[in-house]
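Work through the exercises below with the model open. Each task is followed by a stepwise solution.

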Amino acid sequence: MALLPALLLLLLPLAALAVALATVLLGLPSYDIPPGVNQPAKLRLVLAVLLGTAALGRILEKTGLCSQITFGRYVRQGRKLGVDPKLFIQDRHFNKVPVRVYQPKATSGGRRRDTYEKVCRYLSRESESVVVSVQYRLAPEHKYPAAYEDCLHATIHFMNNIEHYGVDPANVIVCGDSAGGNLAAAVSQTLAGRSDLPKLRAQILIYPGLQALDFNLPSYHQNRGVPLLFRERAAFFALQYLNGDALHMQEVLEGSHIPPDMRLKYRKWVSPDNIPEKFKVRGVKPLRPTDFIAEVYETVKRFCEPNLCPLLAEDAIVHQLPESFILTCEYDVLRDDGLLYKKRLEDNGVRVTWYHLEDGFHGVISLYDYCGFSFPAGKRGLDSVVNFLKSL
């Protein structure tokens, strides 16, 4: 047991050097790992691996061997898992969308639930649920609304063929983390008014990104340099999904992309005033007035569409949403997106179960059982999802 701490101590200087070199090579902001984060030494190692992968990917791209994006996706796939004795696992297509279906072999006491999530095997085993992982098209090759449409079409296909999986039509749940949380929220909103399909039982949103209007909320500044998602990268990924590139990222970060009248309209939903004071004790950076740039708005105006930014949906939609579970992490730039959506749901009479990881960071759950980089905070968060599923 003493070997791992000793190994960490030996690797930390190398990790620090790797992070510094990769940060310079990639042009990223300096990182910041707060003392309250779960297992900071291990997080530095994870960051070193991720940044080193990105740096190597950039080198491979410059040599013409493969693109940086392709290399990063290959590495993140990790090793191929063996057969799970407790699960049936099948690759299928739902309305031409590739999915992977996980079904417990043991007989459940009743017809099973369904959910979507990265750590599918764990959720399927522990909650005795059928889990469907949607292999939606990815940005920047496939821009908005490709990923949203894939998730929506796969969900509708499953609901229309639910009898093949022994799932109770009244117990279908959508779930996702990070960008997947955005997609789950958008699908849930789209299905809220459908009378031709069963009602969703619940939605599970794990540190979701839900808006791209304001990258100056408290959590975006408090955690701007905290791995695994920096403030600049949050804007970068939003732009990649929308347009397939990251042009005008600085203007988006500064808030020059939203007209004053539209910002005023959405202020009732997207504002630091709606965030509890206890989340501001680490300091809130005062905003500098920025000039609206109409040309930038023309390139990103679809940021105001609820299918892309679910936090902006009208109350008439929000009040129809199913029971919700929202997980947030203290050291995450997206924390306030989740807190704001929690308030919107509660204000519209939707029952919300909220789980906050005081020592969590963005991506902590996706690292569960990943190449030895699991974090206790991630396991606690994952188990909170399982407990919510079992409570339904």
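**Exercise 1.** Is Asp150 buried or exposed?

*Solution.* Asp150 has a relative accessible area of 7%. Buried means under 20%, exposed over 50%, and partly exposed in between, with a 1.4 Å probe and protein chains only. Asp150 is therefore buried.

Before going on, note the ground rules. The model is predicted: local features need pLDDT of at least 70, side-chain atom pairs count only at pLDDT 80 or more, and totals for chains, interfaces and linings use all residues. Residues are numbered from 1 along each chain as its sequence is written, and side-chain values use heavy atoms, with hydrogens and water left out.

**Exercise 2.** Find the salt-bridge partner of Arg137 and place both residues in the chain.

*Solution.* Start with the criterion: a side-chain nitrogen of Lys or Arg within 4 Å of a carboxyl oxygen of Asp or Glu. Arg137 pairs with Asp150, with the closest N and O atoms 3.0 Å apart. Arg137 sits in the loop between strand E4 (130-134) and helix H5 (146-160), while Asp150 lies in H5, 13 residues apart. Helices (H or I, at least four residues) and strands (E, at least two) are DSSP runs, numbered from the N terminus. Now add accessibility. Arg137 is partly exposed at 35%.

**Exercise 3.** Describe the salt bridge between Asp91 and Arg100, then the accessibility of each partner.

*Solution.* The N to O distance is 2.6 Å. Asp91 is exposed, at 54% relative accessibility. Arg100 is partly exposed, at 33%.

**Exercise 4.** Which residues form a salt-bridge network with Arg335?

*Solution.* Take the pair Arg335 and Asp336: their closest N and O atoms are 2.8 Å apart. Both residues are buried. Extend the search, and Arg282 and Glu330 join them in the network. The whole structure holds 20 salt bridges.

**Exercise 5.** Characterise the second largest pocket by volume and lining.

*Solution.* Define it first. On a 1 Å grid over the protein atoms alone, a pocket is an open set of points where a 1.4 Å probe fits, with protein on both sides within 12 Å along at least five of seven lines; lining residues have an atom within 4 Å of a point. The volume is about 450 Å³, the space filled by probe spheres set on the points. The lining has 24 residues, with Asn216, Glu254, Gly255, Leu287 and Arg288 nearest the centre. Helices H8 (231-243), H9 (249-254) and H10 (260-266) each give two or more residues. H9 gives the largest share, 3 residues.
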